[in-house]
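Me: Hi! I have a structure open and would like to learn how its descriptions are justified. Could you go through it with me?

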Amino acid sequence: MEKSPLIKVKGFFFGIFSGLDRQLGLILLGLAAIGFFTFLSASQNTPVQILEEVRNLVLSFVVMWIVSRIPPKWLEMGAVWIYGFGVALLIAVAAFGLIKKGARRWLNIGVVIQPSEIMKIAMPLMLAWYFQKREGIQKSWDYGVAGIILAIPVFLIARQPDLGTALLVFAAGLYVIILAGLPWKWILPFVALGVIGILLIIIFGSTICAHDVVWPLVHNYQKHRICTLLDPTSDPLGKGFHTIQSMIAIGSGGFFGKGWFQGTQAHLEFIPEKHTDFVFAVFSEEFGLLGNLVLLALFFALIKRGLAISASAPNLFTRLLGAAVTLIFFTYAFVNIGMVSGLLPVVGVPLPFISYGGTALVTLGFGAGILMSIHRHRRLVQS
Amino acid sequence: MVSFKKPDLDSFQERIHIATLFVTVCFLLLVTRLVWLQLVSHGKYALLAESNRIALVPAPANRGLLIDRNGIVIGRNYSALTLDVNAEEVKGNVDQLINDLSEIIDISPRDRRNFKRSLEDSRNMGTFPLRSMLNETETARFMANRYRFPGVEIRARSFREYPYNELASHLIGYIGRVSQKDKERMQAEIEGAKADDPDALQASFLPGIQYVGKIGLEQSYETVLRGVPGYDQVEITAGGKPVRTLSSSPSIPGKNVVLSVDIKLQYLVEQLYGNFRGAFVAIEPETGDVLAFVSKPNFNPNDFVEGIDSVTWKELNDSPQKPLYNRPLKGIYPPGSTYKPFMALAALENKKRTPSQTISDPGYFDFGNHTFRDDKKGGHGIVDMQKSIVESCDTYYYLLARDMGVNMMHDFMKPLGFGQITGIDLQGEARGVLPSTEWKKNTFKKPEQQKWYEGETISLGIGQGYNAFTILQLAHAMANVANNGIVMKPHLVKAIEDPFTRNRVLTTPKESYRIDLNAENIEVIKKAMLEVNISGTSAAAFKGTGYQVGGKTGTAQVFSLNSKEYKHSATAEFLRDHALYIAFAPVDKPTIVIAMVVENAGFGAQHAAPIARKALDYYIEGKWPKEIPEWKRAP
């Protein structure tokens, strides 16, 4: 029997969307919508092309859709290659990368690319592949090997220097290692050390931030950033300006916010990078705590869903990869909101799906695509 | 369902749970932070956002005019085009911008300095004038190149101007840019005012006050003239660019100050002094109105308004002529023989002499082992009171001084105003010295210096010795006698005028106090002084007046004003005697009294009296001396 045109159209859409996780899709659409509306307000005084933002969002979803069609097996097979390719690019950057603003992070291969971005996906891929390979015969020293796999690109990125990205790549790899079963007795001492370290910094902040105190292992500007976080007023017109102004934006938003397009902090240009890294301040000012709770709920739902997909994934590779990608989303969101609200030092981390920026959106779309692919192919692999 | 082992999945599930817990904790941390910022601290941040967003742009108030008693404007404002630069736009490359601008508009090093100074002074955002008084060509040239200079614009600004330049500079004073000190002082004033009147909040907008009176009437009537600056509440960007005006509070223009000074008389006297230095004060005795207040030489107050250049400043400051010195207000001189009529009145009032009582003057007076000489060799012969004044007989007053003693003289002269602050409406008045035994005791440190010697009394009688008064005090005392003992506070300002309604409010027309003087005694003195100008020392100068005028010449040895300061540059000229003169006219009902000194000019009759004559001729009869250029109203 001939199908009616309506059924055909329906079928086509179902065809396109078949296997896309509906929950995840709705959450991402919600986030993208928030991002788009915030972008409209944030870019009011800075003529960033709206079409460009639309294109980036579409591109991100297209990438997600394509990746969701790729069977996880293919990713598993490509993992080593992608990782190797990424590390090779990082070495190339170290050798003859472009220097901008004192950092060597970019490579000109016709277009200028930032290879460290690739590592954000390549790292969990590679480690998930490794642990998949060692499944069942896993030994303690496997964590050592994983550590080396992790350390090489992190080291290369850190010395560009790009501490923010290095930490994110490190976190992405670490998630895989921990989820793969890194013994608690190895984890806890570090957690304890970290907690003590943070407490010490908070307590002795004013002493160690004194002008003539030189910190080992970190650049002066990095020390400055942390110190500025501890006391933004110490440099109100310099590094502290961003933090202070974004805190003012968030705080002045109140519970209901000032309303869409009504944020004075944003529209009078007090917020730096207001459509990229600091877009959360714009959103917070205009939509208030209420808006923030909705946004955080969406992110939380995204992470819950991502973890749920990973938990029901068919093999170790997909489980590790899915959970790591989800936790990368989490890390982005947490670090971004933390830094904009003055909890964490200012590092260049975008707010997933909200911040303007093609590369980040594509990377995130790729990650979301991986989750969708895992979900879509869960039975195919199992059977 | 075979490709993974059960235990592994369990361990993975467990870690997923832990991860979920970790994520939840982190999100709660964020929520707490946001609640803290958006609920708990919302008020604080809302306020910060508001103060971020709003800038108060001052709208300076128009300064009140200075108007003479006949309506001639001697201090006014005019509008001129200025090149204004937005401070935010030039951060970092001020010099480059000024260099570029100076290719099309003339910018002096002084302009550059002033501009940079205002940039440094004011951490506020805003615009500052770089060049003022642009002419048409410059304006046109800039407009053509405007696109090259974002943040630079041409604006109309109000400037203070003294249209007669040097004329009356010491009494007018001048305004200048507000200094840090001025600001602190005004802040204190405003806070004081606020405590009294909480509604006076608007007056606290200090940034609107860019100029302040520095000396003269501009200083003493500052609060009247200034008005209240207004401001616009303007929404600004982080870069300080105005976005829109939210509200404005208009400025209230300052009030006009109406002087009691007759500026034409002032002009005439200043001209009559020529190159001589000196002080001249004319007072209307009945009211205390100061009609002329001359200090020569003077300076051009216009030079000071936008900040004086260093060359002119050095010239003024280093000149031995002391053009910045307010002589009638601060210069103290021995009154010389002009003191004699007051001494005579003191004698009558204290019954130490009668008008007809005579002395025989041999030309000198011996006291102890010191001989006090008279001007006239061989003496004036038999001298009664009138003759003592008409011929200016010193011996008469040596004897009188001895008979009265220093304290009796002091007690009589004090209410007349000698050695006292007159309370004129200018700051920095000198007190001078009216000696008494008490005064000497308080002034000197060593006991032998504190003692009063009888010999010191003698020369006081002829206005020498410790006597040292300002010309203002001398005029004031003369006015008090001419006004029959009714003391009117001398003042330069008659009324305050509302700039819109033109309503005038009189300032100080009230009498201060009365001196109980015998009218007959005053008549004796007035008559004697009239005779001075008929047959006495200044008869020549007053030959053929159409009115009756009383006067008295004086010659004072160079003493207090210059003795210290001129030691190094002392020349013969600066050692010559000062010529003094006092007068009142018409005698029967005086409308004007005069006290004056012409420094280092020699005899009073020769150099001072003729100036007084011409001033009186003009003031009483409207006669303008031929040799003086006609008064021309400023354009």
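Me: Happy to have company here. Which residues line the largest cavity?

Reply: This is a predicted model, and in it the lining consists of A:Lys120, A:Ile121, A:Val325, A:Ile328, A:Phe329, A:Tyr332, A:Thr363, A:Leu364 and A:Gly367. The elements giving two or more residues to that lining are α5 (115-133), α14 (316-340) and α15 (358-376) of chain A. The largest share, 4 residues, is from α14(A).

Me: What makes a space count as a cavity, and how many of 30 Å³ or more are there?

Reply: A 1.4 Å probe must fit in the space but be unable to get out. The structure holds 3 such cavities of 30 Å³ or more, and the largest has about 60 Å³ of space.

Me: How do the lining residues divide into nonpolar, polar and charged?

Reply: The division is 6 nonpolar, 2 polar and 1 charged. A:Lys120 is in the lining, and Lys counts as charged. A:Gly367 also belongs to the lining, and Gly is counted as polar.

Me: Let's go to the sheet with the order β1-β8-β9 in chain B. Why are β1 and β9 of chain B called edge strands?

Reply: Each of them, β1 (54-59) and β9 (242-249) of chain B, pairs on one side only. The sheet is open, has 3 strands and shows antiparallel pairing. On average, neighbouring strands in it are turned by 30 degrees against each other, direction ignored.

Me: How do you know that β1(B) and β8(B) pair?

Reply: Pairing needs at least two bridges between the strands. There are 6 bridges joining β1(B) to β8 (residues 230-236) of chain B, so the two strands meet the condition. They run antiparallel, and B:Pro58 stands opposite B:Tyr231 in β8(B).

Me: What packs on this sheet?

Reply: Helix α2 (residues 42-53) of chain B does, touching β1, β8 and β9 of chain B. The direction of α2(B) makes about 40 degrees with that of β1(B).

Me: Which strands form the open sheet in chain A?

Reply: The order is β1-β2-β3 (chain A), again 3 strands with antiparallel pairing. Its edge strands are β1 (98-100) and β3 (111-113) of chain A. From one strand to the next, the twist averages 40 degrees.

Me: What makes β2(A) and β3(A) a pair?

Reply: The requirement is at least two bridges, and β2 (residues 103-109) of chain A has 3 bridges with β3(A), so they count as paired. A:Leu107 has A:Ile113 as its bridge partner in β3(A). Helix α4 (residues 72-96) of chain A lies across β1, β2 and β3 of chain A, at about 110 degrees to β2(A).

Me: How many residues lie between the strands in the hairpin of β15(B) and β16(B)?

Reply: There are 2 residues between the strands, and B:Gly368 takes a positive phi near 60 degrees. Strands β15 (residues 364-367) and β16 (residues 370-373) of chain B pair in the antiparallel sense over 4 bridges. B:Phe367 has B:His370 as its bridge partner in β16(B).

Me: Where does pLDDT stay under 50 in chain B?

Reply: That happens over residues 1-7 and over residues 559-570. Where pLDDT is low, the predicted coordinates should not be read in detail. Chain B averages a pLDDT of 87, with 92% of the residues scoring at least 70. For the complex, the predictor gives an ipTM of 0.89 and a pTM of 0.67.

Terms used:
Residues are numbered from 1 along each chain as its sequence is written. Chains are lettered from A and ligands numbered from 1 in the order in which they are written. This is a predicted model: local features need pLDDT of at least 70, side-chain atom pairs count only at pLDDT 80 or more; totals for chains, interfaces and linings use all residues. Side-chain values use heavy atoms; hydrogens and water are left out. pLDDT is the predictor's confidence in each residue, from 0 to 100. Contact means heavy atoms within 4.5 Å. Axes are lines fitted to C-alpha atoms, for helices over the stretch in contact, and angles run from 0 to 180 degrees between N-to-C directions. On a 1 Å grid over the protein atoms alone, a cavity is a set of points where a 1.4 Å probe fits but cannot get out, and a pocket is an open set with protein on both sides within 12 Å along at least five of seven lines; lining residues have an atom within 4 Å of a point. Grid points are joined across faces, edges and corners, and a volume is the space filled by probe spheres set on the points.
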